[in-house]
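Here is my note on the model. The points below cover aromatic contacts, a cavity and the cysteines.

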Amino acid sequence: MKVSDVLAEALVRRGVRHVFCVMGDGNLDLLTALAARGVELVHARHEQNATAMADGYTRAGRGFGVCCVTQGPGLTQTATSLLVARRARSPVLLIAGDTPREDRHHIQNFDQRAFAEATAGAVLDLRTPQTLGEDLRLVFRHLGSGRGPLVLNAPLDVQLSPAHEVPWEREGARTWSGVPPKAMIDRAIFLLTRASRPALLAGRGALGAQTQLAELADRLGAPIATSLLAKGLLASHPLTVGVSGGLGSSLAERHLGEADCVLAVGASLNTWTTRNGTLLTGAEVIQIDSDPDSLGDHFPGALQLAGDAALTLDAILGSPALGSARDGQRRDTLEKLIAAGAVAAIEFRDGKGTLDPRRVMVGLDHALEESRFVVSDGGHFCAFPCQLLTVTTPDRFVFAPSFGCIGQGLGIAIGASFARPGQRVTLVAGDGSFLMNIQELETAVRYRVPLTVVVLNDQGLGQEFHTLRAKGLPPESALIPTPDLGGVAEGFGAEGHLVTDLPGLSAMMAAISATSAAEGPVVFDVRTNPAVVSEAAAAIFDTMRPAVSRQNSGR
């Protein structure tokens, strides 16, 4: 066997059933070996999207996603998707062919290690046939560590070399599961019990500690907010107030802003979640995270507890210092306040031949099945699905632009579809983000992917349009008309629709409710009113306008 055969066999033994790829000289032997072992190769049209598909696959809860690209430009095309996966700590394995080690003048030769370190943040080499066993153990150890993506650099001459015997021991994932020192636990309990208005803030690092979070909220009488990446966590709990931050709910913002002590579990406390720290200004902050390096990264003043979320909360709950449950009156009062503030009326603003995007999202929320899986791409529009679409668990919602980019959604949604056979995936995109990678619609058609795409089409670059207006600059350069995207979808072989009015919207919702998971991709081009500004964007502009005014006045 060649090294490429052993690598393929190792992946199969680890449960890999799908590999997302674009074929080239540097990976065609490996791809052939994978296909011969029953792995389904999903051939994308662009390496950025092959990597995004692997990211979507793993975010849909199916272990680690695998993509495979060729050397040189095949790897450079993956940059944005690797950075997105890195920001989301998504365990994506990108296997990149590399030019033969002795061929320094190969046209596709460049420093792939430096590129991988700058994007994925982690890279390993297939060094020699003799070190293959150790190299593979290091790869799988990283993927089980929770540290995000990894690029496996695979020089072609190593891939094609005869393989030495490789032991097939299967190492379990090595995750650090420590508990902070007792003194730190006691200090956290002291801060929580002396607080009159404690609150909990959960991120994706708390997904394995939901039982403990619910019990702690009940005992403290504390509201539970989440980061955007943990949207849907404890969704049915009566003390849940939704997503915190600029793309979240006013309910979460109000309760966090009033808290005098906030316990953050598995959440980075980044600027989006905390509104640049302003939501936590009046609170003592306690942060629990299994990654010691991330503690205090955004909020250095927090009490920092390095430990596994579930085990650390078990230690807090089991300590006599926490005491018994508080008087139920605060909890009952809080539940009533949350229930009263959970539903806010929206005054819709439809235009001529356009619909209010909020109306579209409210309708979509009613039309989708309860077990929906939703992906949101990036752009001005993304506040609407983030705030108005509900999910029952965090593993049913993916926020694609964790690098602040647009265009990742389609690839991520396709990958998620492969991870969840028998379930339809819904992607909400803008016209700019959808058109950026629309070629992958052909991939979705070719594989009959059960995908519904709702394009909130404001005929331009929405965020840039509103930003130009806020700065007092002519916004017209951000207006970019699009063709009928439903018709374009039909050209790719998908089902397509153009929606411009309320009867069309009603027909769209009826079609979505009736669409089965076996019917392939459907695209709805929904023309939306560009005058509707999201709350998140409006908040940014409220801080921007005074600065622009001072600049224009020379002060």
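1. F20 and F418 are both buried. Keep in mind that this is a predicted model. The ring centres of F20 and F418 lie 5.8 Å apart, with 75 degrees between the planes, so the pair counts as edge-to-face. In sequence the partners are distant: F20 is in strand β1 and F418 in helix α17 (residues 409–419), 398 residues apart.

2. The model has five aromatic pairs. One of them joins F20 and Y57, again edge-to-face, at 5.7 Å centre to centre and 65 degrees between the planes. This pair also links distant parts of the chain: F20 belongs to strand β1 (residues 18–21), Y57 to helix α3 (residues 47–59), and 37 residues separate them. F20 and Y57 are both buried.

3. Which residues make up the cluster around these rings? F20, Y57, F418 and Y447 form one aromatic cluster. F20 takes part in the pair with Y57 and in the pair with F418.

4. On internal space, the count is one cavity of 30 Å³ or more. Its volume is about 50 Å³. The lining consists of R59, R204, L229, P394, F397, V398 and F399. By class, that is five nonpolar residues, two charged and no polar.

5. Which element gives the most to this lining? Strand β14 (residues 397–399) does, with three residues. F397, one of the lining residues, also has a charge over its ring: the charged end of K231 sits there, 5.5 Å from the ring centre.

6. How many disulfides does the structure hold? The search of the whole structure finds zero. For C67, the nearest cysteine sulfur is that of C68, 7.9 Å away, and C67 is in no disulfide. A disulfide needs the two sulfur atoms within 2.5 Å. C67 is buried, because its relative accessibility is 0%.

7. Why is C405 not bonded to C382? The two sulfurs are 11 Å apart, which is too far for a bond, although C382 holds the cysteine sulfur closest to that of C405. C405 counts as buried too, because its relative accessible area is 13% and the cut-off for buried is under 20%.

8. To recap the points I would look at in the viewer: the cluster of F20, Y57, F418 and Y447, the cavity lining with its three residues from strand β14, and K231 over the ring of F397.

Definitions and conventions
Residues are numbered from 1 along each chain as its sequence is written. This is a predicted model: local features need pLDDT of at least 70, side-chain atom pairs count only at pLDDT 80 or more; totals for chains, interfaces and linings use all residues. Side-chain values use heavy atoms; hydrogens and water are left out. On a 1 Å grid over the protein atoms alone, a cavity is a set of points where a 1.4 Å probe fits but cannot get out, and a pocket is an open set with protein on both sides within 12 Å along at least five of seven lines; lining residues have an atom within 4 Å of a point. Grid points are joined across faces, edges and corners, and a volume is the space filled by probe spheres set on the points. Helices (H or I, at least four residues) and strands (E, at least two) are DSSP runs, numbered from the N terminus. Ala, Val, Leu, Ile, Met, Phe, Trp, Tyr, Cys and Pro count as nonpolar, Asp, Glu, Lys and Arg as charged, and the others, Gly among them, as polar. Buried means under 20% relative accessible area, exposed over 50%, partly exposed in between (1.4 Å probe, protein chains only). Rings of Phe, Tyr and Trp (its six-membered ring) pair if their centres lie within 6.5 Å; planes under 30 degrees apart count as stacked, over 60 as edge-to-face and the rest as tilted. A charge sits over a ring if NZ of Lys or CZ of Arg is within 6 Å of the ring centre and within 35 degrees of the ring normal.
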